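Open your viewer and get ready to select as you read. We will go from stop to stop, and each stop tells you what to look for.

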Amino acid sequence: MKYRAVRGMHDILPEESWKWQYLEEKIRTFAHRYGFREIRTPMLEYTEVFQRGVGEGTDIVEKEMYTFLDRGGRSLSLRPEGTAAVVRAYLEHNLGASGTPVKLYYIAPLFRYDRPQRGRYRQHHQFGAEILGTPDPAADAEVLSLPIRLMQDLGLREVEVHLNSVGDAACRPRYIAALREYFGRYLDELCPDCRRRYDVNPLRILDCKEERCHRLTREAPTIFPYLCQECRNHFEGVQEHLDWLGIRYTIDPFIVRGLDYYTRTAAEVYSGKLGAQNAMFGGGRYDGLASQLGGPPVPGVGFGMGIERLLLVLEEEGIALPREDGVDVFVATTGKTGHREAFQLLDQMRQAGLRADGDPSHRELRAQMKLANRLGARYAVILGEEELRLGMATVRNMASGDQERLPLEGLIEALRERIQKT
RNA sequence: GUGGCCGUAGCUCAAGGGUGGAGCGCCAGACUGUGGCUCUGGAGGUUGCGGGUUCAAGUCCCGUCGGCCACCCCA
């Protein structure tokens with residue numbers, strides 16, 4: 001085979017795509033139920049949108065973006081995450097002008113030049129939602145409740161919600177200084193990566209899974225005593241609202257989101273079924289992002305949820321999604337005659353809104369019935385020579401095997417009644 | 001980007017350096033007008049690709065591409 005899909009990118013074949021359709025429909029239903037409206041932004045942005053939005057020093061921007069020059073010499077990037085582009089669009093179209101909050105959601109492909117692994121792809125898809133224009137902790141809790149309720153609705157019971165506050169520009173620097181002071185005493189004991197992190201971003205040491213770093217981390221100062229009063233109040237407010245909804249979460253001082261724009265709330269949800277790539281969704285507040293992008297300050301909070309990972313977890317949990325891509329009716333002939341009648345009948349059925357299919361090759365009846373079975377047809381309509389002579393059709397219920405002869409006149413209505421009954 | 005494991009039929013997998021197989025799926029017959037179950041037969045492969053070692057390579061070596069695992073990072 002000469003050509004394959006590009007590394008880390010995948011075809012979604014009919015055996016899978018029906019699951020995507022089901023999930024997407026459920027996601028849209030949920031989002032609309034929560035008052036979110038869809039936004040579709042281009043897959044490409046000027047590279048600066050991500051450099052300034054996500055942050056120059058982040059791994060995403062430093063080494064994971066698909067960046068290239070267009071024919072006019074401008075640097076463009078395939079979007080590696082959703083929020084920066086949404087905020088760019090919000091600012092560009094002044095969406096806040098007609099009142100706040102503005103609640104937006106998207107289902108979109110994202111691109112990161114990572115080394116592919118199960119649950120980690122160079123093109124993946126996220127369902128994300130953002131509430132812009134309000135700093136209120138109720139918005140944090142509301143936007144987080146959406147994916148949590150969605151996962152519960154799908155039957156995922158064992159999701160772990162982790163919650164943290166990463167502070168803001170007023171208090172985070174004090175905490176970072178405290179971390180430097182603490183880890184500075186143990187530099188020799190840190191792994192090489194963490195020695196690097198010590199200089200670049202000591203917060204990241206908290207994420208390290210190396211045993212020796214992890215031990216030190218357990219004794220490290222947490223951010224909580226360093227939070228300013230505003231951040232403290234906000235964090236308590238988020239917890240209070242989640243409590244009101246009965247949503248369980250773990251306060252986890254060690255989650256540090258890898259995008260620079262996060263302030264205050266940081267949340268991640270994991271599933272043990274995913275191996276190392278175990279984050280199902282992540283999100284948080286980003287009150288500084290809009291001004292980073294050159295706009296007025298616009299507070300915002302949101303999340304992004306990986307659809308591939310959601311599907312993987314559903315599979316691991318043995319949760320079957322309802323499949324609805326079968327046909328209602330299969331029109332069969334006896335092979336030699338009735339081609340024209342069958343072709344016309346199919347057309348009429350389709351115009352009448354039935355899902356109908358047939359065998360374009362008019363193989364022998366046995367083969368056609370086999371095809372009807374494989375297509376999941378609920379009824380087979382057999383137009384044999386005898387039936388045609390009588391102006392009738394044989395209608396077979398594929399599940400029960402019961403058959404009856406019905407006049408061609410009014411056949412579609414008769415079928416519709418039988419289909420609706422079951 | 002680092003380290004490791006693995007690429008054989010559409011799918012899941014066998015084959016100790018010596019003529020590449022099975023199950024499922026597909027097509028057909030048993031059943032000349034009836035699917036699912038059963039039985040029988042058939043089609044389908046330059047063993048990912050390129051090079052090397054050897055009388056001989058799916059098997060050993062190197063490279064490359066791809067998948068997976070861990071790291072990194074994250075969804």
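How many salt bridges does the structure hold? There are 24 salt bridges, each being a side-chain nitrogen of Lys or Arg within 4 Å of a carboxyl oxygen of Asp or Glu.

Before you select anything, know that this is a predicted model, in which local features need pLDDT of at least 70 and side-chain atom pairs count only at pLDDT 80 or more, while totals for chains, interfaces and linings use all residues. Residues are numbered from 1 along each chain as its sequence is written, chains are lettered from A and ligands numbered from 1 in the order in which they are written, and side-chain values use heavy atoms, with hydrogens and water left out.

**Stop 1: a salt bridge**

Select K19 and E16, whose closest N and O atoms are 3.4 Å apart in a salt bridge. They are separated by about one helical turn because they sit 3 residues apart in helix α1. Helices here are DSSP runs (H or I, at least four residues), strands are runs of E with at least two, and both are numbered from the N terminus.

**Stop 2: the second largest pocket**

Keep E16 selected and add W20, Y121, E308 and L311: of the 17 lining residues, these five are the closest to the pocket's centre. A pocket is found on a 1 Å grid over the protein atoms alone, as an open set of points where a 1.4 Å probe fits, with protein on both sides within 12 Å along at least five of seven lines; lining residues have an atom within 4 Å of a point. Now colour α11 (307-316), which gives the most to this lining, with 5 residues.

**Stop 3: the two domains**

Colour domain 1 (14-171 + 227-316) and domain 2 (329-421) of chain A, with bounds from an automatic or database domain assignment. Their C-alpha centres lie 49 Å apart.

**Stop 4: RNA strand B**

Select the residues near RNA strand B (a heavy atom within 4 Å of it). You should find 54 residues, and R257, A279, R309, R366 and M398 are the closest. Which element gives the largest share of this surface? It is α13, with 7 residues.

Next, zoom in on three polar contacts (pairs of N or O atoms within 3.5 Å):

- R396: a polar side-chain atom lies 2.6 Å from a base oxygen of the strand.
- M280: a polar backbone atom is 2.7 Å from a sugar or linking oxygen.
- E364: a side-chain N or O atom is 2.9 Å from a phosphate oxygen.

Definitions and conventions: Polar contact = N/O pair within 3.5 Å; in protein donor to acceptor, adjacent residues only side chain to side chain.
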